[in-house]
Amino acid sequence: MRRNNLTWESEFVLLGLSNDRQTQAGLFVLFGTTYLLTLLGNGLIILLIGLDARLHLPMYFFLCNLSVVDICYTSSGVPQMLVHLLLEKKTISFIRCGTQLFFSLALGGTEFLLLAAMAYDRYVAVCDPLRYMAVMSPRCCAGLAAVSWLTGLVNSVVETVVTMRLPTCGHHVLNHVACETLAFIRLACVDITLNQVVILASSVVVLLVPCCLVSLSYAYIVAAILRIHSTGGRRKAFGTCASHLTVVSMSYGMALVTYMQPRSTASAEQDKVVVLFYAVVTPMLNPLIYSLRNKEMKAALSRVLMSRSESKL
C-alpha cells in the first residue's frame, strides 16, 4: 500500500541466524529441546504451587506468575524460530509480526516488573518478618501482580503502535530471528525521533525503575542480614533471597548491558543474542534455579509424587 510515496510491507523476511542447513538442523534440535524443557519446568512449578496448599504463600504466588510469563514469552517466538529453521523462505506476515512484537514486549516488561514485586516480597520477609503476612496480604499480592501485567500491556501497546506504523519504503528483510523493535527501526525510511523517545521512556518504566527498586530492596536486605549476629541466621536469611537474586542478576544484567550502552555501538548480531537469551535461555533456567535451590519446592514435589503413588495402591 502507498501513501505519500511511502510503502508498508504486507510481509517480511527474517534472516535468522544462519543459512547453512547443517547449522539450522543443529539449532532446531537445540532450541526444540530447550523449549520443551522450558514448558516442562515452568509447567511443573505452576502445577506444584496449585496442588500443594503449603505453597500458597506470597512468594510462590509471584513465582507462579513468573512461570506463566516465561511459558507465554518463549511461546511467542520460539515455535516460529523452529518452523523457520526448517524452511527455505522465512517469511512472516505484517499482522503476525505485529502480534509477535506486542506479546514479546508485553511479557518482557511484565517479567521485569514481577521481579521487582518479588524483591519487595523478599524485603518484607527479611526486614519485617513479624508483619510479613499482614503486609503481603492476598489483596496486596494481587494488586502488585495486576500492576505488573497492566503496565507491561500498556507499554507494549504504545511501543508496538509507534513501531508498526513505520514505513519501510520497499525494504522487507529483517536482520533478526524475530520481529523486534530495533530491527524495524533499521528499515524505517522516515524520521524515528518519536520511536527513540518511546523506547527511552519504555526502558525507564519497565527496566530502570524496577531495577532501582530491586537494588533499593536488596540494599535494605543486606543491611538487615549484616545485623544478624548468628551465622545460621544470616545463612537462612540469605537463603530466602538467593534464588530470586540469581534470576534478577541474570535478567537485569543482560538488559542493562544492552540498553545502557551507546546506541551507535549496538549491532544486529548483538540484538539477536539478547532476544535469544530472553526467549530461550532465561525461561529454561528460571525453574531450574528456583527448584534446585528451594527446599520447599523439593518437598512439595516429593509430597505430590508420594500422594500419587499412594492413590495408585
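This section describes the strand pairing, helix packing and disulfide of a predicted model.

The sheet is open and consists of three strands, arranged in the order S4-S3-S5 with mixed pairing. Strand S4 (91–93) and strand S5 (173–174) occupy the edges; each has a single partner strand, so one side of each has no neighbour in the sheet. Strand S3 (residues 11–14) pairs with S5 in the parallel sense, over two bridges, and in this pairing valine 13 is placed opposite valine 173 of S5. The pairing of S3 with S4 is antiparallel and comprises three bridges. Glutamate 11 has serine 93 of S4 as its bridge partner. Helix H4 (residues 94–127) lies across S3, S4 and S5, and runs at about 85 degrees to S4.

One disulfide is present in the structure. It joins cysteine 97 and cysteine 179, whose sulfur atoms are 1.8 Å apart. The torsion about the S-S bond is -115 degrees, and the link between cysteine 97 and cysteine 179 is left-handed. Cysteine 97 belongs to helix H4, whereas cysteine 179 is located in the loop between S5 and helix H7 (181–187); the pair therefore ties together parts that are 82 residues apart in sequence. Helix H4 thus carries one cysteine of the disulfide and also lies across the strands of the sheet.

Helix H1 (residues 21–51) packs against helix H2 (residues 58–75) at an angle of about 155 degrees, and the two axes are 9 Å apart. Because angles over 145 degrees count as roughly antiparallel, H1 is roughly antiparallel to H2. The crossing of H1 with H2 is left-handed. On the H1 side the contact is formed by Tyr35, Thr38, Leu39, Asn42, Gly43, Ile45, Ile46 and Ile49, and on the H2 side by Tyr60, Leu63, Cys64, Ser67, Val68, Asp70, Ile71, Thr74 and Ser75. By class, the residues of this H1 and H2 contact are ten nonpolar, six polar and one charged.

H1 also packs against helix H3 (residues 78–86), at an angle of about 155 degrees and with the axes 9 Å apart. H1 is therefore roughly antiparallel to H3. The helices H1 and H3 cross in the left-handed sense. Arg21, Gln24, Leu27, Phe28, Phe31, Gly32 and Tyr35 of H1 make this contact with Val78, Pro79, Leu82, Leu85 and Leu86 of H3. The contact of H1 with H3 contains nine nonpolar residues, two polar residues and one charged residue. Tyr35 of H1 takes part in the contact with H2 and in the contact with H3.

The axes of H2 and helix H6 (residues 138–164) come within 10 Å, with a crossing angle of roughly 20 degrees. H2 and H6 are therefore roughly parallel to each other, and H2 passes H6 in a right-handed crossing. In this contact, Pro58, Phe61, Phe62, Asn65, Val68 and Val69 of H2 meet Cys141, Ala142, Leu144, Ala145 and Trp149 of H6. The residues divide into ten nonpolar and one polar, with no charged residues in the contact of H2 with H6. Val68 of H2 is part of the contact with H1 and of the contact with H6.

Terms used: Residues are numbered from 1 along each chain as its sequence is written. This is a predicted model: local features need pLDDT of at least 70, side-chain atom pairs count only at pLDDT 80 or more; totals for chains, interfaces and linings use all residues. Side-chain values use heavy atoms; hydrogens and water are left out. Two strands pair if DSSP finds at least two bridges between them. Helices (H or I, at least four residues) and strands (E, at least two) are DSSP runs, numbered from the N terminus. Contact means heavy atoms within 4.5 Å. Axes are lines fitted to C-alpha atoms, for helices over the stretch in contact, and angles run from 0 to 180 degrees between N-to-C directions. Angles under 35 degrees count as roughly parallel, over 145 as roughly antiparallel, 65 to 115 as roughly perpendicular and the rest as oblique. A crossing is left-handed if the near helix is turned anticlockwise from the far one by less than a right angle, and right-handed if clockwise. Ala, Val, Leu, Ile, Met, Phe, Trp, Tyr, Cys and Pro count as nonpolar, Asp, Glu, Lys and Arg as charged, and the others, Gly among them, as polar. A disulfide is a pair of cysteine sulfur atoms within 2.5 Å.
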